[in-house]
Amino acid sequence: MEQKFESALKRLEEIVGLLEKGELPLEESLKAFEEGVELVRFCTAKLNDAEKRVNLLVKTEDGFKLQPADFQE
Amino acid sequence: MDFEDTLPADHDNREVLSVSDLTRAIKWTLESSLPALWVQGEISNFKHHTSGHMYFVLKDDAAQIQCVMWRTRNGGLFFTPQDGMKVLVQGRVTVYEKRGIYQLDVHQMQPAGIGELQLAFEQLKERLRQEGLFDLEHKQPLPALPSRIGIITSPTGAAIRDLITVLQRRFPPVEIVLSPVRVQGDGAAQEIAAAIDDFNRYGQVDLLIVGRGGGSLEDLWAFNEEVVARAIFRSTIPVIAAVGHEVDVSIADFVADVRAPTPSAAAEIAVPDRDELNRQINQLALKAHRAVEGTIETAWQHLKRLESSYGYRRPLDIIFQYSQRVDELSRSLNKSASHRLALLREAVDGLSKRLQGLDHTAILRRGYSLCYRRSDGTLVRSAAQLELEDEIEVHFHKGRVLGTVEDVVPESAAGEPARTPSKRKKQRRRQKSTRQLDVFGSEPE
C-alpha cells in the first residue's frame, strides 16, 4: 500500500507537469487528465480511509497473527 | 572436630594430614569465620557460561579473588557485567575442594556507582562504534507513508498512550501493531531484542518504533544493552528509537535509523500529516484542471483556424455547434470531473470525426476530385459554371491535371444527363448558349 500511494502521488505530479507544459496533443492531454483524475481519487481514498484499530503481534505455532487490542485512550 | 583425634597412634609427634583433611580444615576455617560480606572490586576475565553461571575475577591493585555467580542468582541482574566494571558484590567465601581454590560465591551484584554504569555505557558505545554499528551508511530511510507500524514498548505507561494518540490524530488510516515487552529490569533487554526479531520475521510492517518513557539510568539500561543494539542493527525494517526524554541518549538511539527525543516526536516522524497531504492533492487536481482547460482553449483556436481556411459554410454551423458545446463543457469541468470528461471526449470525438469528413483530403482520398476554373480560381460545383474551352485545374488526392473543357453536359430535371458525354476530342459543338440555369431545366435561347 505504501509504495502504491507514493508512486501514485509521484505520477500525479508528473501528469500535472505534462499538462502544464501544454505540449501534448488534445487527445493525449485528455487521456492524461483522465489518469490524473483516477489518481486523485485513489490517493484521496487511501488518505481518508477509516480509522484502524490497534493490534497485538501474537506468536502462533506456524508464524504470527494479529489480534485486536483495546486502547481507548 | 579435634585434629588430634585423627592422628595415627603409632606416629611420633609430627602431624600428617591427608590433602582432603587439610582442605576440609581450610574450608571449615574460612567458611565459619567469614560471614556474608560486601566486596568491591573490578571485574576481569568475565565469562557467562552456556550453563547460565557467571565466572569472573574480582581484583584491585594488590590482590584478586575468583568469583562465581550461579544462574539462579544472576538472573535478576538488570545489567550485563563487563570486564573493567567496578562492582559491589555480596556473597560468602567458599572453598572448592576439588580444585583447591577459594572463591566468592556471589549472591548479589551491582555497579559500584552511577559512574560505573556510565563507564560501561561509554565502553560499549565505543566498541560498537568501532564495529560500525552507528555508521550513516547503515541507516535506512523511513517510508514516506507507512501503512502498518510495529511498536515495541510497555503496554502500560505514557509512551504507548502518546504514540497511539499522535499517530491516530495525524494519520488515522495507519495500522498499529504492538508487541508488548518489559522495558526495565530482569530480562527486559532480551525481550526487546526478541520483539525486534519477531517483527522482522513477521515482515508485514513498514516501520518499527522502539522505546519507553523517562526514567533513571538504571531504568533505561535495557536500551543500552548490546543485545538490543544488535537486534536493531540486524533489523531490515527501519527503526525509530524513542527512549526516555530529550536528554536521555541510549545506545539504541545511536544504532537506530532515526532517533526521536520523545514518543510523540517519534509519531510525528513516522507518519505525515493527513490534512497536509489532502491539501497537496487538491492543489495538484486544481493545477491539472487549469492546464487542461488551457489545452482545450488552444484546440478550440485551432479549430477556428481550420474552418476559416477551408471556407465551407454549412459545415461551419456544425463546427460552431460542437465548439460551443466544448466551451460549455470546459467551463463546467470542475463540477464532476469524469462525467464532464466523458462528455468532452464525446464532443471531441464527434468533432474530429466530423472534421475528418469535412477534411477535403479525406474526401479526395475517397476518389472525389476538386475542379477549379483557372481564369478566376473558382471552385466548380456544377457543370453549368463552365463554358467550352474554359481552362480547368483538377485536384486529386495526389497531384492535379490541367485541362480544357471540350463538352459541357448539364443535368436534366430528372437528374439524368441530357445526353451521354461525347468522347471525340477534336469535335466541338457550338452551343447557342452555354448557360444552363441549373438542374431544373435549360432555357433554350
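How many residues of chain B are in contact with chain A, and how many of chain A with chain B, if contact means heavy atoms within 4.5 Å? In this model, 50 residues of chain B are in contact with 40 residues of chain A.

Before I go on, a word on conventions: this is a predicted model, in which local features need pLDDT of at least 70 and side-chain atom pairs count only at pLDDT 80 or more, while totals for chains, interfaces and linings use all residues. Residues are numbered from 1 along each chain as its sequence is written, chains are lettered from A and ligands numbered from 1 in the order in which they are written, and side-chain values use heavy atoms, with hydrogens and water left out.

Let me begin with the interface. The size of an interface is often given as the accessible area lost when the parts come together. Here chain B and chain A bury about 4000 Å² between them, with 70% of it on carbon and sulfur atoms; buried area is the accessible area, taken with a 1.4 Å probe, that two parts lose on being put together, summed over both. On the chain B side, Ile281(B), Leu284(B) and Arg345(B) lose the most area to chain A, and together they make up 15% of what that side buries.

As for polar terms, six residue pairs are in polar contact between chain B and chain A, both residues being at pLDDT 80 or more. A polar contact is a pair of N or O atoms within 3.5 Å; within protein, one must be able to donate a hydrogen and the other to accept it, and residues adjacent in sequence count only if both atoms are side-chain atoms.

Several elements of chain B, including helix H4 (158–170), strand E7 (175–180) and helix H9 (274–310), each supply at least two residues of the side that touches chain A, where helices (H or I, at least four residues) and strands (E, at least two) are DSSP runs numbered from the N terminus. The largest share of that side, 15 residues, comes from H9(B).

Strand E7(B) also pairs across the chains: three bridges join it to strand E1 (residues 54–60) of chain A, and the two run parallel, pairing being called if DSSP finds at least two bridges between two strands. In this pairing Val54(A) stands opposite Ile176(B).

Now to charge. Side chains of opposite charge can pair when their charged atoms come close. With a salt bridge taken as a side-chain nitrogen of Lys or Arg within 4 Å of a carboxyl oxygen of Asp or Glu, the count comes to 21 over all chains, and one is found across the interface of chain B and chain A. In that interface, Asp198(B) forms a salt bridge with Lys59(A), the closest N and O atoms being 3.1 Å apart.

Within chain B, Glu226(B) forms a salt bridge with Arg127(B), the closest N and O atoms being 2.8 Å apart. Glu226(B) lies in helix H6 (residues 226–234) and Arg127(B) in helix H3 (residues 114–131), so the pair ties together parts of chain B that are 99 residues apart in sequence. Both residues belong to a network of salt bridges that also links Glu131(B) and Arg230(B).

What, finally, is the relative accessibility of Asp253(B)? Arg259(B) forms a salt bridge with Asp253(B), the closest N and O atoms being 3.7 Å apart, and Asp253(B), at 5% relative accessibility, counts as buried, whereas Arg259(B) is partly exposed at 30%; buried means under 20% relative accessible area, exposed over 50%, and partly exposed in between, with a 1.4 Å probe and protein chains only.

Definitions and conventions:
Contact means heavy atoms within 4.5 Å.
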